[in-house]
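Visitor: Could you pick one spot in this chain, zoom right in on it, and then work outwards so I can see how it fits with the rest? Keep it chatty, but I do want the numbers.

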Amino acid sequence: MNKKLAVALSGAAVLVLTLSGCSDDGDKVNDWAKTVCDQAKPQIQKRADAQQLIISTAADGKPADIQAADSKAFQDIANADRALAKAIEGAGVPPVDNGEKLQQDAVTELNATAVAYEGLKKQVDALDPNNQQKFADGLQDVADGLKKIEKMDQDALAKLQSGELGTAMAKQPGCQKATPSPAGSASPKAGSTPSGKASATPSGSASKSSE
């Protein structure tokens with residue numbers, strides 16, 4: 001059942017990781033992008049590790065392990081989103097057309113997304129890992145909620161990812177896609193799992209184990 005959670009999250013972790021483009025950018029734009037991306041790098045890593053924690057725990061975790069992993073992952077992502085919002089706010093207004101609105105929208109949406117992830121954490125924390133069927137049903141609700149938050153997550157920085165800013169940020173090492181660290185990919189000990197649990201791969205594709 002944690003499969004659907006893992007698949008949903010695999011798309012949610014993109015944020016500033018898919019920036020692309022090519023044009024000549026001014027020094028001020030590049031400086032702004034460097035300021036943001038230097039601070040974003042550890043947050044992007046934190047999100048990648050959180051995603052991998054959910055995926056790896058889905059493969060062989062006991063209900064209590066899945067609950068703990070998902071709870072930690074959602075809080076880590078919420079913290080990362082708040083830190084990203086702070087980095088964008090602290091960098092000042094982007095030196096592009098409509099820069100102030102772009103900045104304000106990104107900060108507001110990232111903070112709202114952080115609150116939404118904390119809501120999912122509370123939802124996961126409230127599940128009873130001792131009742132496997134209810135636990136599995138509860139994870140389905142969490143997965144459904146995550147799909148909605150995923151769109152919020154993507155929208156938060158979509159405008160920053162376009163035009164001059166997107167091109168400048170794409171050049172910065174700090175805004176490149178992160179590889180999950182070994183600590184983030186370590187899964188709990190294998191054990192009994194909720195009925196309907198399935199395993200998922202880091203690529204976001206999932207293979208059923210039992211449903």
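Guide: Let's park the camera on Asp76, which sits in helix H3; bear in mind that this is a predicted model. Is this acidic side chain's residue, Asp76, buried or exposed? Asp76 counts as buried because its relative accessibility is 18%, and the cut-off for buried is under 20%. Skip the neighbours within four places in sequence, and Asp76 is in contact with Lys46 and Ala50.

Stay on H3 and slide along to Arg82. Arg82 and Glu118 meet through their side chains in a salt bridge, 2.7 Å from N to O. Arg82 belongs to helix H3 and Glu118 to helix H4, so this pair links distant parts of the chain, 36 residues apart. Arg82 is partly exposed, with a relative accessible area of 31%, and Glu118 also counts as partly exposed, at 22% relative accessibility.

That bridge drops us onto H4, so let's look along that helix. H4 has 27 residues and spans 39 Å from its first C-alpha to its last, close to the 39 Å expected at 1.5 Å a residue. Its buried residues include Gly99, Gln103, Leu110, Thr113, Tyr117 and Val124. Towards the end of H4 there is another salt bridge, Lys121 with Asp125, where the closest N and O atoms are 2.8 Å apart. These two are four residues apart in H4, about one turn of the helix. In general, an α-helix has 3.6 residues a turn, so residues three or four places apart point the same way. Lys121 is partly exposed, its relative accessible area being 21%, and Asp125 counts as partly exposed at 37%.

Now for the greasy part. The largest nonpolar core has 24 residues, and Trp32, Ile88, Leu110, Leu157, Leu160, Leu165 and Met169 touch the most other members. Helices H2 (27-60), H3 (63-90), H4 (99-125) and H6 (163-170) are the elements that each give two or more residues to this core. H2 supplies the largest share, eight residues. A second, separate core has 13 residues, among them Phe74, Ala114, Leu120 and Ile149.

Two of those well-connected leucines deserve a closer look. Leu165, leaving aside its neighbours within four places in sequence, is in contact with Val29, Trp32, Pro94, Val96, Leu102 and Leu160. Leu157 has its place in the loop between helix H5 (132-156) and H6. Although it is a loop residue, Leu157 is buried, with a relative accessible area of 1%. Its C-alpha is 9.2 Å from that of Gln103, a residue 54 places away along the chain.

Which residues make the covalent cross-link? Cys37 and Cys175 form a disulfide, with their sulfur atoms 2.1 Å apart. The angle about the S-S bond is -90°, which makes the link of Cys37 and Cys175 left-handed. Cys37 lies in H2, while Cys175 is in the loop between H6 and helix H7 (182-185), so the pair ties together parts 138 residues apart in sequence. Both Cys37 and Cys175 are buried, and the structure holds one disulfide.

The loop between H6 and H7 also holds Gln172. Gln172 counts as buried, at 11% relative accessibility. Beyond its neighbours within four places in sequence, Gln172 is in contact with Asn30, Ala33, Lys34 and Cys37. Lys34, one of those contacts, forms a salt bridge with Asp38, the closest N and O atoms being 2.7 Å apart. Because they are four residues apart in H2, Asp38 and Lys34 are separated by about one helical turn. Asp38 counts as partly exposed at 42%, and so does Lys34 at 43%. The full count for the structure is six salt bridges.

Zoom all the way out to finish. The chain has seven helices and two strands, and along the sequence the pattern reads α-α-α-α-α-α-α-β-β. Of its 211 residues, 48% count as buried. Take the contacts with a separation of 6 or more, and 85% of them are between residues 24 or more positions apart. As for the surface, the chain exposes about 9,700 Å², with carbon and sulfur atoms supplying 51% of it.

Note on methods. Residues numbered from 1 in each chain as written. Predicted model: local features only at pLDDT ≥ 70, side-chain atom pairs only at ≥ 80, totals over all residues. Heavy atoms only, no water. Core = buried A, V, L, I, M, F, W, Y, C linked by side-chain atoms within 4.5 Å. Buried < 20%, exposed > 50% of the residue type's maximum accessible area, 1.4 Å probe, protein only. Contact = heavy atoms within 4.5 Å. Disulfide = S-S within 2.5 Å. Expected span 1.5 Å × (residues − 1). Areas by Shrake-Rupley, 256 points an atom, 1.4 Å probe, with all protein chains shown as cover. Salt bridge = Lys/Arg side-chain N within 4 Å of Asp/Glu carboxyl O.
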